[in-house]
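Here are a few exercises to work through with the model open in your viewer. Try each task before you read its solution.

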Amino acid sequence: MKFSNETMTVLKSFTTINKSILLKEGSVIKTITPEKTLIAIADITDVIPSDACVYDLSRFLSILSLYNDPDVEFFDKYFIISEGKRRTKYVYADLSMIHTPPEKDITIPSADVVVNVSNGDLSSVLKAAGVLQFSEIAFVGESGKCYLKAIDSTNEGADDFGVEIGETDDEFKIIIKTDNLKLMPLDYEVTLCSKGISEFKGEGVTYYVAIDSKSTYNKR
């Protein structure tokens with residue numbers, strides 16, 4: 001098979017989440033952080049012919065970059081990557097060596113807050129968090145408005161940076177670590193559950209992100 005540009009983009013993005021990956025037969029690619037605080041699921045147009053376990057995904061992609069238009073064959077224990085007279089044998093890793101996401105589908109217990117967040121707004125808040133040296137962002141509901149803010153939850157008197165992203169009748173502060181927001185640059189429909197999980201649903205990819213235990217939610 002040949003990996004499409006779209007699949008390559010997904011795989012490159014997933015290297016920031018986990019250095020390893022299990023490619024499963026079919027048209028879905030999943031990954032998870034070693035801490036299990038972020039799960040990513042992407043639908044691709046390519047069809048993976050059989051399971052293959054890659055220990056160092058960045059290294060695998062670097063090998064593919066040695067070719068202009070490589071063909072990737074899946075065998076029982078290795079890939080054969082080839083183009084013209086050039087050929088690379090790449091041996092699969094043992095499944096026990098990597099962290100893999102759960103097989104079963106993930107269900108959000110309750111959709112307490114649902115809001116659309118543009119790539120521009122999310123990027124600006126994450127950039128502000130970096131400038132302010134904060135490690136968290138928060139979805140904040142107050143005075144009828146919903147904001148996305150860069151915050152320091154350990155210091156009530158700290159600076160913050162925010163952008164208005166919607167309206168709400170509820171009051172909440174849903175906190176997420178910036179380290180858990182290794183997302184593709186897309187617009188997202190975000191579903192927040194006060195029971196500790198959030199869903200970021202974009203075009204072709206969905207992320208499930210852990211919510212910090214200091215988060216609060218009060219329904220009006």
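**Exercise 1.** Find what phi Gln-133 takes just after H3, and work out whether Gln-133 is buried or exposed.

*Solution.* Start with the backbone: just after H3, Gln-133 has a positive phi of about 60°. Helices (H or I, at least four residues) and strands (E, at least two) are DSSP runs here, numbered from the N terminus. Next, place the residue: Gln-133 sits in the loop between H3 and S9. Then check accessibility: Gln-133 has 73% relative accessibility, so it counts as exposed. (Buried is under 20% relative accessible area, exposed is over 50%, and partly exposed is in between, with a 1.4 Å probe and protein chains only.) Why flag the sign of phi at all? Because most residues other than glycine have a negative phi.

Before going on, a word on the ground rules: this is a predicted model, where local features need pLDDT of at least 70 and side-chain atom pairs count only at pLDDT 80 or more, while totals for chains, interfaces and linings use all residues. Residues are numbered from 1 along each chain as its sequence is written, and side-chain values use heavy atoms, with hydrogens and water left out.

**Exercise 2.** Find the other loop case, Lys-36, and say where it is found.

*Solution.* Look in the loop between strand S2 (26-32) and S3. Lys-36 has a phi near 65°, again positive in a residue other than glycine. Its relative accessibility is 64%, so Lys-36 counts as exposed.

**Exercise 3.** Work out which residues of H3 are buried and what they pack against.

*Solution.* First, the helix itself: H3 (residues 119-132) has 14 residues and spans 20 Å from first C-alpha to last, close to the expected 20 Å (1.5 Å times one less than the number of residues). Leu-122, Val-125, Ala-128 and Ala-129 are buried. They cover an arc of only 125° around the axis, which puts them on the same side of H3; the arc is that of the directions from the helix axis to the C-beta atoms. On the other side, Lys-127 and Val-131 are exposed. Finally, the buried residues pack against several strands, including S8 (113-117), S9 (136-142) and S13 (188-193).

**Exercise 4.** Trace which strands pair with S15.

*Solution.* Two strands pair if DSSP finds at least two bridges between them. S3 (residues 38-48) runs antiparallel to S15, joined by five bridges, and Ile-41 stands opposite Thr-206. S14 (residues 197-202) is also antiparallel to S15, over six bridges, with Ile-197 partnering Ala-210. S14 and S15 make a hairpin with two residues between them, and Gly-204 in the turn has a positive phi of about 85°. Five of the six residues of S15 (residues 205-210) are buried, so this strand is largely enclosed by the rest of the structure.

**Exercise 5.** Locate the largest nonpolar core relative to the domains.

*Solution.* A nonpolar core is a set of buried Ala, Val, Leu, Ile, Met, Phe, Trp, Tyr and Cys residues joined through side-chain atoms within 4.5 Å. The largest has 58 residues, and those touching the most other members include Phe-60, Phe-139 and Tyr-207. Domain 1 (5-97) and domain 2 (113-218) both contribute residues, so this core lies between them. The domain bounds come from an automatic or database assignment. Leaving aside neighbours within four places in sequence, Phe-60 is in contact (heavy atoms within 4.5 Å) with Phe-3, Val-54, Phe-79, Ile-81 and Tyr-90.
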